[in-house]
2 protein chains.
Amino acid sequence: MNRYAVIMAGGRGERFWPESRTAKPKQFLTLVGDRSLIQQSYDRILPLIPAENIFIVLGKQHLALAKEQLPEIPPENFLVEPVGRNTAPCIGLAAIHIRRRDPEGVMLVFPSDHMIMGATDYHQCLEKAFHWAVKENCLVTIGIKPSRPETGYGYIEREGDGLDTGPSVFPVRRFVEKPDPERAWEFVQAGCFYWNSGIFIWKAHVILERIKEHIPELAAGLDRIDPSIGSSQYDEVLGQVFPNMPSISVDFGIMEKSPEILMVQGDFGWDDLGSWGALDRIALRDERGMKIQGDFVGYDNDDCLIYGQEGLIAALGVQNLIIVRSGEVVMVCDKERSQEVRELVRLCKEKHLEQYL
Amino acid sequence: MNRYAVIMAGGRGERFWPESRTAKPKQFLTLVGDRSLIQQSYDRILPLIPAENIFIVLGKQHLALAKEQLPEIPPENFLVEPVGRNTAPCIGLAAIHIRRRDPEGVMLVFPSDHMIMGATDYHQCLEKAFHWAVKENCLVTIGIKPSRPETGYGYIEREGDGLDTGPSVFPVRRFVEKPDPERAWEFVQAGCFYWNSGIFIWKAHVILERIKEHIPELAAGLDRIDPSIGSSQYDEVLGQVFPNMPSISVDFGIMEKSPEILMVQGDFGWDDLGSWGALDRIALRDERGMKIQGDFVGYDNDDCLIYGQEGLIAALGVQNLIIVRSGEVVMVCDKERSQEVRELVRLCKEKHLEQYL
């Protein structure tokens with residue numbers, strides 16, 4: 001029984017525009033440290049899973065970039081989605097590939113563009129998750145102890161007492177979608193709620209059985225693709241079947257509907273890096289709260305995130321702004337509204353300014 | 001007795017950084033309309049003075065650019081200052097050239113980078129100024145009726161009653177340097193104070209006599225250069241003498257010390273375009289006070305000046321900012337502090353970031 005990793009790299013990272021672009025979305029950017037987020041994801045998992053067992057699921061337009069950034073991964077492990085169809089089809093596709101290689105294979109699935117600090121704790125947590133996923137033949141997820149009443153994440157409520165310690169393991173009572181601020185506050189107070197990290201561990205055949213149970217159209221599509229794996233018909237069949245699959249998340253389609261899910265408590269630093277505001281949260285600040293990356297001049301500025309990989313940013317007498325320069329695009333945004341950057345992307349489309357996306 | 005124009009184009013325009021750069025300062029930029037400020041200055045004066053009588057005084061590093069922008073002006077009319085030495089040496093140099101061409105020549109001197117609206121009123125005003133400069137053999141200046149208590153300009157106080165009407169002509173009582181806000185307010189209330197536009201009219205030999213009287217070292221230098229005009233020694237003599245001339249403004253060195261100066265009241269729209277704040281003042285605004293030049297997307301923004309000749313600027317939820325993108329430089333500045341942009345230029349030098357200047 002082998003272990004596999006599935007790195008989901010189909011995201012568009014629109015809230016990191018203009019640094020994140022259609023041609024090079026967030027997961028391929030070096031936002032923190034000196035490797036891209038997907039490279040860091042790869043580096044981080046390598047001590048547990050060998051490169052030949054690591055799969056990348058992504059869009060065709062990013063295949064060349066991904067192969068360039070991750071040359072150690074065998075070419076056949078890059079699974080191309082003909083179109084983006086949310087996480088359930090993505091995971092289902094990876095699962096049929098893994099089941100082909102090892103009918104009892106156990107897979108770790110996670111997004112390519114999250115930030116994790118504390119690799120040792122992360123590895124311990126995953127070891128525990130693998131252990132329980134195999135032992136119980138069940139779905140396992142990682143829950144992060146919340147450190148603030150975040151409204152941008154989904155939550156997991158645990159049930160009863162821990163089944164194991166160091167890291168703790170709990171049965172899941174329920175998954176909760178992104179709460180309003182009041183509920184988020186209650187969740188943090190209650191102590192039995194965790195952030196849904198989007199990291200999952202299960203045997204390939206177990207998740208495929210759950211898909212069959214809860215999303216039968218998706219299971220039917222996967223059953224059509226499965227026999228073509230490794231054959232010359234694969235691309236054609238995939239291209240016919242995949243676009244017609246239901247676009248649904250694994251959280252909504254499977255997790256919220258399945259009983260007997262286990263949650264391992266993740267005690268490593270984690271951030272989904274969902275927006276510039278998230279980068280602002282983790283970046284190093286000076287005594288006036290300025291977080292600066294790139295060439296900068298200025299004075300009398302407070303609490304701004306300044307981000308430019310090239311060129312110069314100058315600021316004078318401004319507060320609470322996110323200022324980003326990326327190529328030919330400049331973005332200046334109230335720091336409290338970084339979640340809305342996606343809306344600027346929408347406006348660009350509306351104004352036929354796609355060349356800036 | 002011929003008329004000549006001297007367009008002073010030696011300014012650095014630092015307060016318009018980053019659009020204004022060392023290699024292409026403000027006067028060569030198309031900030032308003034579709035011709036550069038110096039081209040607009042040229043166009044505006046052409047109905048009164050033929051191209052062959054228009055001189056441009058400028059630094060060597062901008063000679064090629066100026067010739068390219070003003071191809072109608074004869075090459076010998078571009079007077080190169082070996083180094084910048086403020087307005088008195090600049091005007092003195094032009095005056096000896098003009099006196100050589102016409103001992104009784106009358107010259108109009110003005111900065112290349114100001115904004116003037118209302119060409120007809122401007123022309124009437126200048127006609128009146130030429131008339132009095134010739135008739136009285138005196139120094140004539142143009143005063144602008146102030147429309148706000150501006151602290152960024154020098155003022156002219158008029159004396160007694162008008163000598164002429166349509167436009168009015170007054171004797172000057174005194175020149176006053178940039179006032180503090182309280183005095184500026186008093187000036188505007190008083191009704192007898194005008195903005196010093198930096199536009200002057202006089203016979204070449206008259207200003208040279210005043211220079212001899214008030215700045216004798218400058219006069220001595222000009223006397224050394226004068227005989228070489230038109231000869232092969234000119235450049236060499238200029239290069240030796242000019243850098244040793246006193247760096248002094250015509251306002252401080254001559255105007256504030258001379259009796260019997262006349263002021264013609266300028267009733268045309270005038271702005272020295274001294275900073276981004278000035279451009280903000282004159283730019284067209286939408287219903288939320290946004291003034292936008294270039295590709296832009298954004299919402300919930302108020303009272304910002306957005307300026308980018310290329311690329312895209314995006315803004316979300318910001319107020320009272322000047323946002324400029326020029327080439328590889330982005331500047332974001334509190335609108336009230338646009339006068340301080342020069343300080344950012346100084347910081348660039350201090351940090352050895354001259355490539356952005």
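**Entry 1. Strand pairing between the chains**

I take two strands to pair if DSSP finds at least two bridges between them. I take helices (H or I, at least four residues) and strands (E, at least two) as DSSP runs, numbered from the N terminus. The model is predicted, and for it I note that local features need pLDDT of at least 70, that side-chain atom pairs count only at pLDDT 80 or more, and that totals for chains, interfaces and linings use all residues. Residues are numbered from 1 along each chain as its sequence is written, while chains are lettered from A and ligands numbered from 1 in the order in which they are written.

I looked up how strand S13 (residues 305–316) of chain A meets chain B, and I find that it pairs with S15(B) in the parallel sense over five bridges. For A:Leu316, I find B:Cys333 as the bridge partner in S15(B).

**Entry 2. The contact of chain A with chain B**

I count two residues as in contact if their C-beta atoms, placed from the backbone, lie within 7 Å. By this rule I find 32 residues from chain B and 32 residues from chain A in the contact. On the side of chain B that touches chain A, the elements that give two or more residues are strands S12 (291–299), S13 (305–316), S14 (321–326) and S15 (329–334), and helix H11 (341–350). I note S13(B) as the source of the largest share of that side, eight residues.

I then sorted the residues by class: Ala, Val, Leu, Ile, Met, Phe, Trp, Tyr, Cys and Pro count as nonpolar, Asp, Glu, Lys and Arg as charged, and the others, Gly among them, as polar. The side of chain B that touches chain A has 20 nonpolar, four polar and eight charged residues.

**Entry 3. How the copies are related**

I superposed the copies by least squares on the C-alpha atoms of residues with pLDDT of at least 70 in both. A rotation of 180 degrees, with 0.0 Å of shift along its axis, superposes chain B on chain A at an RMSD of 0.0 Å. The two copies are thus related as by a two-fold rotation axis. Of the residues of chain B, I find that B:Val330 comes closest to this axis, at 3.7 Å (C-alpha). I also note that 100% of the interface residues of chain B are interface residues in chain A, so the copies meet through the same surface.

**Entry 4. Domains of chain A**

I find chain A divided into domain 1 (3–271) and domain 2 (276–356), with bounds that come from an automatic or database domain assignment. Their centres, taken over C-alpha atoms, are separated by 29 Å. The contact takes ten residues from domain 1 of chain A and 17 residues from domain 2 of chain A. On the domain 1 side, I list five nonpolar, one polar and four charged residues.

**Entry 5. Helices H3 and H7**

I fitted axes as lines to C-alpha atoms, for helices over the stretch in contact, with angles running from 0 to 180 degrees between N-to-C directions. In chain A, the axes of H3 (residues 87–101) and H7 (residues 216–225) come within 10 Å and cross at roughly 35 degrees. I record the crossing of H3(A) and H7(A) as right-handed, the near helix being turned clockwise from the far one by less than a right angle. A:Ala88, A:Pro89, A:Gly92 and A:Ile96 of H3(A) make the contact with A:Leu218, A:Leu222 and A:Ile225 of H7(A). I class these residues as six nonpolar, one polar and no charged.

In chain B, I find that B:Ala88, B:Pro89, B:Gly92, B:Leu93 and B:Ile96 of H3(B) meet B:Leu218, B:Leu222 and B:Ile225 of H7(B). This contact divides into seven nonpolar, one polar and no charged residues.

**Entry 6. Backbone details**

I find a cis peptide bond between A:Trp17 and A:Pro18, with omega about 5 degrees. A:Pro18 is in the loop between strand S1 (3–8) and helix H1 (37–45) of chain A. I also note A:Asn86, which has a positive phi of about 65 degrees although it is not a glycine. A:Asn86 is placed in the loop between strand S3 (78–81) and H3 of chain A.
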